[in-house]
Amino acid sequence: MKTTAFFQGGTLVLQGIDEHERQPAPFRFIKGKWRCEGYHYGSLVPYLRERAIRDAVARWQSLNLTLHENREPHDYQVEALTSWENAGRRGSIILPTGAGKTFVAIQAIQHVKRSTVIVAPTIDLLHQWYARLVNAFAIDVGVYYGGEKRVLPLTVTTYHSAGDLMAEYGSTFKLIIFDEVHHLPAPTWGEMALMAPAPLRMGLTATYPEEEEQSNGRWRIDELIGPVIYTKRIEDLIGQQLARYRTQRLRVDLSPEERQSYDADYAIYIDFVRSRQLQRHHGARWIMELMRLSAVDAQARQAFLARQRLLRLLACAQGKFNALDALLCEYATEQILVFTEQNSMAYEIAYRHLVPVITHETGAAERKHILDGFQAGRYRVIVTSRVLNEGVDVPEAKVAIVLGGTSGAREYIQRLGRILRKVENREAVLFEVIARKTLEEGRSQRRHRKREDPC
Amino acid sequence: MLTADLVKPRLRLRGSEIFIDMLNTGDNHWLQTAADLIALFQQHKGQSQADWERTLEIYEGERLDYVVVRGLAKVLTDAATFTSVATSVHPAQIRERLFSYGPVFTTPQLFQPKTRYEVIQHVAEEIGIPSQQVGAMLFADRPATYALNDTGPERTPEGLLARYNLELARGVLYWATQVQIEVHSGYKDLWKYLKLFKLMFWVLPIEPADG
């Protein structure tokens, strides 16, 4: 009997081989057939050939693509693409936000000329990719997400919807491009990368996850996509593609009342953390341990609550409002993005200064209205909590104000990227407003050190 | 439905078996907690969601069993309805008007001679609402400002505890990647739901017992 390998709902299935004919890993005998997850396809092709198993998996098409974009790639974009080609068209590329990752992807699609699917983390980014692809290739591009499902040889989807897309159409794409690939270790978001048989893969990000975040116990990014094959850091690109920028730190004082309550809470918190040596025993996960303890240990609970209170106090310290006031006046002709630590602070600023606010609560229509208005110059200032963090273009802003220093290094770099896309040769300024003699100072220093580290 | 952070701390793993730390519905401590929460919730009728969250936080205080307190409160709030307070003009429209003046300040500036107060006066007049209401209406479409208008089915403290236990069990089942069910009767209902939710399933007859 003729044996065949075919694709079914995210898995590869061998037809016509019974249980006694042992198949090598990763195949397992499940429900009457030898099966494995789709992503093994690339490495199994030689095996299928050698055993003369008919390969009915690949259903992708050749595409006749002409690139309509006439901008020249930068040297580093060419280098990135060459490294990817040399690595067998697999692997992740790390480029700072604003350095033109999308353009690298478009070049890759042009080289491969086979059906391709792009996976983006948000619907905003999906729309952005859609527009870029239509402009680049002047062909119809499919989209697959909650609102719209149209599958074409070039399709853009979201991590959220990609599982459904892969189950049904997984075998119709030869190349998958993962935008903001650091999302892949998330439990449900990674499933579709396991399901897809596409042998060619590209990951794009500005912030590749730290070693311990790359795996989630079931899969690692490099196993699903290939290793990191190209890295360019923000320092290497300043002036070339990204605008020159400077970071300026503004230290503000807490008011006497704020200082008093900060010191009191800080003492409760730090005494506990030190007395139990949480950081020494638990490393980076010490905060998880504090949370766990706070459900069984009264002192831990008090320490945790004290920490919560002092973070709140720092997030909306009066001095930060005053500093913001001064900056908004000083840069009266510039377009400004203001980032806050907490939603409530973002709404408070919107209320005080009557400027548009974008948070996760903001609906799609209003959000678009605000961003369009900002682009058109109708709005001069946008205040936001954590929404504009990833890759949504807001190139007009040349001044960013970050109120608060408690966000992680990743967020910081993403935020930095926001104002850095080079429009003219103008210097961008990033103001970081932090409270003096609080834990914000330590955090902000840590962040700067990290950026200076050679990698 | 209880979120993972409210369910996980109530689970005990022994070997390959998972146990749910359910509440004893006759325990006075829990009955008192449930009664307190029900009473607080009733008092909150008409007030905003943000207010309710603050009240809960105060009630929790330094209690170590805050996971249960939050879980019980979640069961109450899930069955209740918070609705947006009706405004004569849609908040988004007010925002669009007001924000086109921003940024404004409490004192006049060279580039923005109108103060915040003047801008609000002006816009309120334009759209025909009292200027004192502008602040409250500005973000009246945010869920945090929604008012509690229906507290849901009436609950006794025992009833709330029982419902909480049920929700814990549901939370665990929700994570199951497969479930084995022995069906002795009522298989038609089960069939109906298998089809409705398009679940993958595998049916095997149960071996008849000896004799």
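**Sheets of chain A and helix packing in chain B**

In chain A, eight strands are arranged in an open sheet of mixed pairing, with the order S9-S8-S10-S7-S11-S12-S6-S13. The edges of this sheet are S9 and strand S13 (228-231) of chain A, each of which pairs on one side only. From one strand to the next, the twist averages 20 degrees. The model is a predicted one, and the mean pLDDT of chain A is 83, with 86% of its residues at 70 or more.

At one end of the strand order, strand S8 (residues 142-145) of chain A is joined to strand S10 (residues 154-158) of chain A by three bridges, and the two strands run parallel. Within this pair, A:Tyr144 lies opposite A:Thr157 of S10(A). S8(A) also pairs with strand S9 (residues 148-150) of chain A, here in the antiparallel sense and again over three bridges. The connection from S8(A) to S9(A) is a hairpin of two residues. Across this antiparallel pair, A:Tyr145 stands opposite A:Glu148, and A:Val143 stands opposite A:Arg150.

Two helices of chain A are placed against the eight-stranded sheet. Helix H3 (residues 101-112) of chain A packs on the sheet and touches strand S6 (92-94), strand S7 (116-120), strand S11 (175-179) and strand S12 (200-205) of chain A. The direction of H3(A) makes about 170 degrees with that of S12(A). Helix H4 (residues 123-137) of chain A lies across S7, S8, S10 and S11 of chain A, and runs at about 165 degrees to S10(A). The loop between H4 and S8 of chain A contains A:Ala138. Although A:Ala138 is not a glycine, its phi is positive, at about 50 degrees. Most residues other than glycine have a negative phi, and most peptide bonds are trans.

A further open sheet in chain A consists of five strands in the order S3-S4-S2-S1-S5, and its pairing is also mixed. Strand S3 (28-30) and strand S5 (54-55) of chain A are the edge strands; each has a single partner strand, so one side of each has no neighbour in the sheet. S3(A) is joined to strand S4 (residues 33-37) of chain A by three bridges, and these strands run antiparallel. A:Arg28 has A:Arg35 of S4(A) as its bridge partner. The loop between strand S2 (11-15) and S3 of chain A holds A:Pro26. The peptide bond between A:Ala25 and A:Pro26 is cis, with omega about 10 degrees.

Confidence is low in one segment of chain A. Over residues 447-455 of chain A, pLDDT stays under 50, and the model has five contacts beyond four places in sequence for this segment. Where pLDDT is low, the predicted coordinates should not be read in detail.

In chain B, the axes of helix H4 (residues 66-79) and helix H8 (residues 157-175) come within 10 Å of each other and cross at roughly 100 degrees. H4(B) and H8(B) are therefore roughly perpendicular. From H4(B), the contact involves B:Gly71, B:Leu72, B:Val75 and B:Leu76; from H8(B), it involves B:Leu160, B:Arg163, B:Tyr164 and B:Glu167. By residue type, this contact comprises five nonpolar, one polar and two charged residues.

Helix H3 (residues 49-60) of chain B has twelve residues, for which a rise of 1.5 Å a residue predicts a span of 16 Å. The end C-alpha atoms of H3(B) are 16 Å apart, which agrees with that expectation. The residue after H3(B) is B:Gly61, and its phi is positive, near 50 degrees.

Between the chains, 21 residues of chain B are in contact with 22 residues of chain A. On the side of chain B that touches chain A, the elements giving two or more residues are helix H5 (91-99) and helix H6 (116-127) of chain B. H5(B) gives the most to this side, with three residues. The residues of chain B on this side comprise 15 nonpolar, three polar and three charged.

Note on methods
Residues numbered from 1 in each chain as written. Chains lettered and ligands numbered in written order. Predicted model: local features only at pLDDT ≥ 70, side-chain atom pairs only at ≥ 80, totals over all residues. Axes fitted to C-alpha atoms, helices over the stretch in contact; angles between N-to-C directions. Helix = DSSP H or I, 4+ residues; strand = E, 2+ residues; numbered from the N terminus. Parallel < 35°, antiparallel > 145°, perpendicular 65-115°, else oblique. Contact = placed C-beta atoms within 7 Å. Nonpolar A, V, L, I, M, F, W, Y, C, P; charged D, E, K, R; others polar. Expected span 1.5 Å × (residues − 1). pLDDT = per-residue confidence, 0-100. Pairing = 2+ DSSP bridges.
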